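Got your viewer open and a cartoon view switched on? Let's take a walk through this one together, stop by stop.

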Amino acid sequence: MTERALRLGTRRSKLAMAQSGQVADTVRQLTGRPVELVEITTYGDTSREQLAQIGGTGVFVTALRDALLSGDVDFAVHSLKDLPTAQPDDLVLAAVPLRADPRDVLIARDGLTFTELPSGARIGTGSPRRMAQLNAYARNHGMAIEAVPIRGNIDTRIGFVHKGELDAVVLAAAGLHRVGRIDEVTDFLSADTVLPAPGQGALAIECAASNASLIAALAELDDPYTRVAVTAERSLLAALEAGCSAPVGALADLLADGQIVKEMRLRGVVGATDGSTLVQLSTTGPVPETHDQALALGRELAAEMLAKGAAGLMGERAL
């Protein structure tokens, strides 16, 4: 008797389908079981409002988690940066696979890089985090740009540039890689210019805490270095009491000496969206060996940032 197919819950967007399809292929190879994609529409996919207005955190996740809890799907794939920082007790993050490029990128008209954009250039992004840092960079380097709030999938966003409505848009490198459009990028934005969202470029594979055999199988996909890095980043975000719509950037990267990983550096930024104020700090220490050590690293940096005035930059917190 053949085992029944594992059901993988995914959002319907082209990007979600691409990344879920890649995970499904890997799980098929690992388990020898068929895997079928179950498409689930989330509130974040149907609402046309700005992400910050509809509550930011969790709008792409709740429907997938409901499907997991009701048993309609066996596991789900999320973009880690969409996940709320609090993990429900009855669900487990079974795997955080090796992270893709965490950077933000620019797709601009005429092949322009960020610093080549003309004065008054209109740059589209739906992210207060990107706006704060782009505006701060522009202020510090004598550039005049206008950050324009946009929503929509990758096609829609790039379309604004092709149609001439915007000079450029900022997107995540990882998403463009996954849908095969990375060659349209005109500039990779260094993390020194724009720190990515906590968890950007990483995927989260979640399943019910009661499904021990599936948890064990999915654990094969886990990359321990990626997991400690994103755990530290998300701990920083949680300690700043920020949802994923808040203007917080964080990146933990591993500092290696040759092939030997020596230390982990965690950088964090929070800023006013007009770029007038940024609180940007970093800390470097031994690579965390446990989940709790990774959490502590994020909390410590967040405490330093709050002491430097980060709290006043977090904007209105949705209750």
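Here is a tour that starts with the whole chain, visits two sheets and ends at some charged pairs.

**Stop 1: the whole chain**

Before clicking on anything, keep in mind that this is a predicted model. Show everything as a cartoon and you have nine helices and 13 strands to look at. The chain has 319 residues, and 52% of them count as buried. Now switch on the surface for a moment: the protein exposes about 14,200 Å², and carbon and sulfur atoms supply 50% of that.

How much of the contact-making joins residues at least 24 apart? Take the contacts between residues at least 6 apart in sequence, and 71% of them do. Keep that in mind as you hop around the numbering.

**Stop 2: the five-stranded sheet**

Select strands E2, E1, E3, E10 and E4. In that order they form an open sheet, and the pairing is mixed. Which strands sit at the edges? Colour residues 35-39 and 91-95: these are E2 and E4, and each of them pairs on one side only. Neighbouring strands here are turned by 35° against each other on average, if you ignore direction.

Zoom in on the E4 end. Strand E10 covers residues 203-208, and four bridges join it to E4, with the two running antiparallel. To see one such link, select leucine 91 and look for alanine 208, its bridge partner in E10.

Now add residues 62-70 to your selection. That's helix H3, and it lies across four strands: E1 (6-10), E3 (75-79), E4 and E10. Helix H3 runs at about 165° to E3.

**Stop 3: the three-stranded sheet**

Clear the selection and pick E11, E12 and E13. They make another open sheet in just that order, with antiparallel pairing. The edges are E11 (248-257) and E13 (278-286), each pairing on one side only. On average, neighbouring strands in this sheet are turned by 15° against each other, direction ignored.

Click on residues 260-271 to light up E12, which is joined to E11 by ten bridges, the two strands running antiparallel. For a single example, find alanine 252 and its bridge partner in E12, leucine 266.

Two helices belong in this view too. Helix H8 (residues 224-239) packs on the sheet and touches E11 and E12, its direction making about 145° with that of E11. Then select residues 291-307: this is helix H9, which lies across E12 and E13 and runs at about 35° to E12.

**Stop 4: charged pairs**

Time to show side chains as sticks. Side chains of opposite charge can pair when their charged atoms come close. How many salt bridges does the structure hold? There are 22 of them, and we'll drop in on a few.

Start with aspartate 167 and arginine 109, whose closest N and O atoms are 2.7 Å apart. This pair links distant parts of the chain, 58 residues apart. Aspartate 167 is in the loop between helix H5 (154-162) and strand E8 (168-172), while arginine 109 is in the loop between E5 (104-108) and E6 (121-125). Buried or exposed: what is aspartate 167? Aspartate 167 is buried, with a relative accessible area of 14%, whereas arginine 109 counts as partly exposed at 29%.

Next, select arginine 181, in the loop between helix H6 (173-178) and strand E9 (187-189). Arginine 181 forms a salt bridge with aspartate 155, and the closest N and O atoms are 2.5 Å apart. Aspartate 155 sits in helix H5, so the pair ties together parts that are 26 residues apart in sequence. Arginine 181 is buried, at 19% relative accessible area, and aspartate 155 is partly exposed at 33%. Leave aside the neighbours within four places in sequence, and arginine 181 is in contact with Ile154, Asp155, Ile158 and Leu176.

For a last pair, go to arginine 227 and aspartate 222, with closest N and O atoms 2.9 Å apart. Arginine 227 is partly exposed, with a relative accessible area of 23%, and aspartate 222 is partly exposed with 23% as well.

Finish by selecting Lys14, Asp155, Arg181 and Glu184 together: salt bridges that share partners join these four residues into one network.

Notes. Residues numbered from 1 in each chain as written. Predicted model: local features only at pLDDT ≥ 70, side-chain atom pairs only at ≥ 80, totals over all residues. Heavy atoms only, no water. Buried < 20%, exposed > 50% of the residue type's maximum accessible area, 1.4 Å probe, protein only. Contact = heavy atoms within 4.5 Å. Areas by Shrake-Rupley, 256 points an atom, 1.4 Å probe, with all protein chains shown as cover. Pairing = 2+ DSSP bridges. Axes fitted to C-alpha atoms, helices over the stretch in contact; angles between N-to-C directions. Salt bridge = Lys/Arg side-chain N within 4 Å of Asp/Glu carboxyl O.
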